[in-house]
Every structure is written in structure tokens, then in C-alpha cells.
Amino acid sequence: MSIAQAMILAAGRGERMRPLTDTCPKPLLRLKGRPLMEYHLEAFGRGGFRDVVVNTAWLGEQIEDHFGHETADGVRIRYSHEGRDFGGALETAGGIARALPLLADVFWIVAGDVYMPEFLFTRAAHDQFAASGKLAHLFLVANPPHNVKGDFGLSADGLALNGPEGRHTYSTTALYRREFFAGLPAGNPQGQKLALAPMLRAAIDRGEVSAELYHGPWTDVGTPERLAALNS
């Protein structure tokens with residue numbers, strides 16, 4: 001199996017989604033009759049990224065049982081089972097660090113619980129980022145009602161910014177370079193829980209993170225109400 005150029009983050013407990021997630025992991029919740037994560041797998045396949053890593057923790061065996069190791073469209077899936085190996089999720093940076101041995105030098109990241117049906121994971125975007133020398137490239141969206149203050153700003157020349165002015169919401173979709181995680185233990189063998197946001201903000205302060213606005217439909221499917229709204 002080839003080295004993966006994409007990772008879907010699927011380890012979260014989904015507390016805000018309870019009681020729906022008490023017996024079903026969030027990436028398997030049905031959106032328009034299909035598991036939420038299936039949309040990402042199809043989008044990666046359409047973009048030509050046919051090897052994907054999925055990290056799991058809460059009810060992770062259900063995700064593997066459902067999707068197996070290859071989709072009908074030929075997208076190959078490997079799993080990083082944080083719950084099985086460490087008893088729980090390792091947070092975002094910890095989970096990526098754990099999966100890093102399976103990932104290419106440049107790779108996509110997306111959360112398994114966002115719905116962005118028109119987003120294109122393109123080879124052109126991948127290659128442009130690979131040539132840029134930056135450590136990460138974030139896709140930002142307009143602030144939704146549940147995050148009115150936003151997360152990051154955007155400079156006129158395409159750099160992500162910290163600070164309070166003109167902020168947008170991080171869509172959870174991004175391109176990363178392995179070097180971004182170079183300061184973490186290779187493969188995270190001890191299962192350290194490590195947050196991504198402080199690392200991102202530090203890299204942004206160093207001018208190492210680019211960004212762009214994505215204007216297509218995007219929803220953080222984080223509550224039963226948002227799921228119901230999409231399904232209606």
C-alpha cells in the first residue's frame with residue numbers, strides 16, 4: 001500500500017452530538033442517507049488521492065467495520081486506532097503525530113465531522129503548497145453563528161494571521177508538511193495528548209502558514225440540530 005497523502009480526523013467523542021453518538025461514532029452519522037465521512041472519502045478519490053489514513057478512538061471499530069480497507073471507488077484506508085492503543089483520543093496534533101509514519105511529506109487533513117460537499121481536494125493545490133516552502137496551508141470559511149469571533153485572519157499576500165481583526169473560521173481542512181510536526185516524538189509512541197492550536201499559532205507568528213478563503217457550503221456538523229437542519 002502506498003504512503004498516504006490524506007488523513008481524516010475521526011477520533012472525537014462527539015459530546016455535543018449526544019445522545020446520537022452514545023452508540024454511533026460521529027463520522028458514521030447519516031447525512032442525506034450516507035455516513036458523514038463517506039463524502040470526504042469520495043472527494044479524496046475524485047482528486048486522485050487514493051490512500052487515506054483515518055484515526056479513531058470512540059467506537060472506532062465501527063468505523064473500520066463499516067468502511068473496511070478499500071471503498072467501492074478504490075480509495076484505500078488505513079487506521080490509526082488511538083482508542084485501542086491508548087484508551088482514548090490523542091487530540092489533533094497527537095493523533096497526527098501518531099499517524100505520521102503512514103503519511104507522505106505533504107498531506108491533506110480534514111475533520112470527519114464537517115460537511116463541505118463542493119470542496120475539491122486538487123493535485124494543483126497540493127503541488128502549489130508543496131512548492132511554497134510553507135509548513136501549513138489553511139482553508140478558512142466565513143464565521144458561522146457558533147463561532148462569530150473566528151479563528152485566524154488573512155493577510156493581503158495570503159498569510160494566516162493571529163490577532164483579533166478580520167478573522168475567519170478554520171474549516172479543519174488544510175495541507176501540512178511533515179516538517180510542521182518535527183518537534184513531536186516520531187510516531188508518538190507514548191500516546192501523548194497534544195493540541196494543534198498552539199503549534200499553529202506559533203507557526204503563524206513565524207510566517208510559516210499560508211491560507212485562503214473557501215466560499216463553498218461548509219457546516220461543522222457538531223450538534224443534532226445542525227445535522228437535522230442539513231437533513232431537512
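**A walk through the sheet and its helices**

Let me begin with strand β5, residues 76-81, where five of the six residues are buried, so that the strand is largely enclosed by the rest of the structure. I should say at once that this is a predicted model, and everything I describe this morning should be heard with that in mind.

What does β5 pair with? Its partner is strand β4, residues 51-56, and the two run in the parallel sense, joined over six bridges. If you would like to find this pairing on the screen, look for V52, whose bridge partner in β5 is I77, and then for N55, whose bridge partner in β5 is S80. The connection between these strands involves helix α2, residues 60-67, and together β4, α2 and β5 make a right-handed β-α-β unit.

Now let me place that pair in the sheet. Seven strands form an open sheet with mixed pairing, and the order across it is β5-β4-β1-β6-β11-β8-β12. Which strands stand at the edges? They are β5 and β12, the latter being residues 209-213, and each has a single partner strand, so one side of each is left without a neighbour in the sheet. From one strand to the next, the twist averages 25°. I would ask you to keep two statements about β5 together here, namely that it stands at an edge of the sheet and that five of its six residues are nonetheless buried.

Turning to the helices, α1 packs on the sheet, where it touches β1 (4-10), β4, β5 and β6 (103-111), and its direction makes about 170° with that of β1. Helix α2, for its part, lies across β1, β4 and β5, and runs at about 170° to β5.

How do α1 and α2 sit relative to one another? Helix α1, which covers residues 36-46, packs with α2 at an angle of about 50°, and their axes are 12 Å apart. That angle makes α1 oblique to α2, and the crossing of the two helices is right-handed. The residues that meet there are M37, E38 and L41 from α1, and I63, H66 and F67 from α2. It may help to recall that an α-helix has 3.6 residues a turn, so residues three or four places apart point the same way.

While we are in α2, let me point out G60, which belongs to that helix and is buried, with a relative accessible area of 2%. For a sense of distance, G60 and G150 are 90 residues apart in sequence, and their C-alpha atoms are 30 Å apart in space.

A further helix to consider is α4, residues 91-99, whose buried residues are A93, G94, G95, I96, A97 and A99. What do these buried residues pack against? They pack against β1, β4, β5, α3 (82-86), β6 and α6 (197-205), and so β5 appears once again in the list of neighbours.

Moving along the sheet, I come to β11, residues 169-177, which is mostly covered, since nine of its nine residues are buried. On one pairing, β6 and β11 run antiparallel and are joined by four bridges, with A174 in β11 as the bridge partner of I109. On another, strand β8, residues 136-141, pairs with β11 in the antiparallel sense over five bridges, and there V141 has T169 of β11 as its bridge partner.

There is a backbone detail in β11 as well. Most residues other than glycine have a negative phi. T172, which is found in β11, has a positive phi of about 80° although it is not a glycine. K32 is another case, with a positive phi of about 55°; K32 is found in the loop between β2 (30-31) and β3 (34-35), and at 48% relative accessibility it counts as partly exposed.

Finally, let me take you to R226, which lies in helix α7, residues 224-231. Leaving aside residues up to four places away in sequence, R226 touches R16, H146 and D220. The C-alpha atoms of R226 and M17 are separated by 9.6 Å, although the two residues are 209 residues apart along the chain.

Methods
Residues numbered from 1 in each chain as written. Predicted model: local features only at pLDDT ≥ 70, side-chain atom pairs only at ≥ 80, totals over all residues. Heavy atoms only, no water. Buried < 20%, exposed > 50% of the residue type's maximum accessible area, 1.4 Å probe, protein only. Pairing = 2+ DSSP bridges. Right-handed = clockwise from strand over helix to strand, strands pointing away. Axes fitted to C-alpha atoms, helices over the stretch in contact; angles between N-to-C directions. Parallel < 35°, antiparallel > 145°, perpendicular 65-115°, else oblique. Left-handed = near helix turned anticlockwise from the far one by under 90°. Contact = heavy atoms within 4.5 Å.
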